[in-house]
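Open the model in your viewer and keep the selection tool ready. We will go stop by stop.

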Amino acid sequence: MNGLMMNMPLLIKNIAHHAERLHGDREIVSITADGAKHRYTFKDSMMRARKVSTTLDNLGISKFGRVGTLAWNSYKHLELYYGVSCSERVLHTINPRLFEEQLVYIINHAADEVIFFEAMFSNLVSKLILQCPNVRYLVCLDKFDQNNGRHLDQAMDYEMLINDSEEGLWEDFSEETASGLCYTSGTTGNPKGVLYSHRSTVLHSYAVCLPDSAALSAVDSVLTVVPMFHVNAWGYPYAALMAGSKLVFPGHLLGDPKTLVDLIESEDITTAGGVPTVWHGLLSYLKQNKKKLDSLNRTVIGGSACPPSMIKEFREVHDVRVLHGWGMTEMSPIGLINQDKDKTKNLSGDAFLSQALKQGRPIPGVEIKIIDENGNDLPWNGIDVGNLLVRGPWVCRSYYEEDVEASFDNGWFDTGDIASVDTNGYVLITDRAKDIIKSGGEWISSIELENIANSHPDIEQSAVIGVHHPKWEERPILVAVRKKGAIKNLEKELLDWFQDKVAKWWIPDKVIFIEQLPLTATGKVSKLALRAKYSQANEIL
Ligand code: AMP
């Protein structure tokens, strides 16, 4: 027997309608390309988003047609988020930090019909366009200088197109319809496309707003630090409108600590989300300038492991609760968030830190399991470590136009991460499977070693990689950035620092100091680049 409830499709346009009706005067604030501040309301934004839909109709962009964007976090990008998807087309957010060949590959693979780009990407677009024959139109989002990019004389002006368009009507269609396409950054092989649906996006937005998740609400002001070209800025552009939270976009300055701190102070930001490398820069800036974060009460940190030293500094100096989170492009992205349970809420000192450094427990809707190499389920005892598998309504079931089924096994997606789960359901990610270090047949967790190194007062940032060793197969080495004024004999001091914190054979064989850790296209520390540079074990050890 079926239930007798209305069968309304879960569509992104319903988020938009709700936002307009209930929170129409809520503000969206953006830093524009020239560094100025732009502000308008949810109502203004959705009105222009409907004009985006008509613009696409006028250009003859197909139903389900892919619409590429090369843009930072801004109100115009938000208009495209809604205007493209709500008119039954697919928003393809393109990461401009990828290599040119990867960009050409994904634009062609997605068969983008039009690309909306910011003028600062003109040179890049002029190189790409020659190699992407499917792209019929180029639209520049801000003042476009013809001299900036060759082959772009056909580029149209976004504002003119919007001004010339009526507000379109957003019709109902199936909730399974594709809404967005995001390619994984793919360190090996070609990037793979993850195709989100309206249903997955709406359900993910509800999950982001839950109190034991990122807990967005109508009294929040949200700073989106994660780029809108990376997994939909973790879903904030949808969840904030659903919740009625003020939405603040730092534009192209999303990695600039001063801009972020100014925005937090001037826009009364209560919450934000970003990768540890960005927060690291922000904390150093605050320290140098003797500033405190007053309005911010919590921040979601994920994308790579958040060092406990960062959690501690946020808590003790700024009274900000770090919510460690974990997710993937394939998961829309949020899978785990570290919110308290009754039994963890009063922890303090080291007990608090060892709880808070875990990546969290599954948000409702996401199911997880850990398995051994033979596919057997492992117990949730906080000790057994295995491959982390997930499933849920916002987890991808296969890649876009790809034959790769290896990661999808009997309805579960193999995340490629190695983890343990404790008796309360909190997951601790030990490593990415390809980053874990195998020494003499035993596993060493690079994340655990990094957490220890980062807690040393003279260490700014660090990464642990495995390098080939003739006897042990692999051995860990620590690559670190010193703090200004660090003591002279830091290598010895650091190796001693590990002494009573891990087993002897876990202690890295060597410390290499460098000026800056290399980053990936999504702002994480690139272990691939470090391994490529320091793989010559014999020369090093
Ligand atoms: P991406 O799809 O580019 O967002 O990368 C997803 C991967 O980032 C995951 O499979 C993890 O390996 C890593 N990751 C994300 N969040 C965390 C976290 N909090 N701790 C450790 N690794 C993380």
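Select Gly325 and the ligand. A polar backbone atom of Gly325 sits 2.7 Å from a nitrogen atom of the ligand. That is a polar contact, meaning a pair of N or O atoms within 3.5 Å. The protein covers 90% of the 500 Å² of accessible area that the ligand has on its own (Shrake-Rupley method, 1.4 Å probe).

A word on what you see: this is a predicted model, where local features need pLDDT of at least 70 and side-chain atom pairs count only at pLDDT 80 or more, while totals for chains, interfaces and linings use all residues. Residues are numbered from 1 along each chain as its sequence is written, and side-chain values use heavy atoms, with hydrogens and water left out.

Next, add Gly303. One of its polar backbone atoms is 3.0 Å from a ligand nitrogen atom. Then add Ala305. Here a backbone N or O atom lies 3.2 Å from a nitrogen atom of the ligand.

Now show the shell around the ligand (residues with a heavy atom within 4 Å of it). It has 15 residues, and Gly325, Thr329, Asp417, Arg432 and Lys524 come nearest. Colour strand E14, residues 321-327: with 4 residues, this strand gives the largest share of the shell. Strands are DSSP runs of at least two residues, numbered from the N terminus.

Zoom out. Select domain 1 (27-337) and domain 2 (437-540), with bounds from an automatic or database domain assignment. Their C-alpha centres lie 33 Å apart. Across the boundary, 18 residues of domain 1 are in contact with 13 residues of domain 2 (heavy atoms within 4.5 Å).

Technical notes: A polar contact is a pair of N or O atoms within 3.5 Å; within protein, one must be able to donate a hydrogen and the other to accept it, and residues adjacent in sequence count only if both atoms are side-chain atoms.
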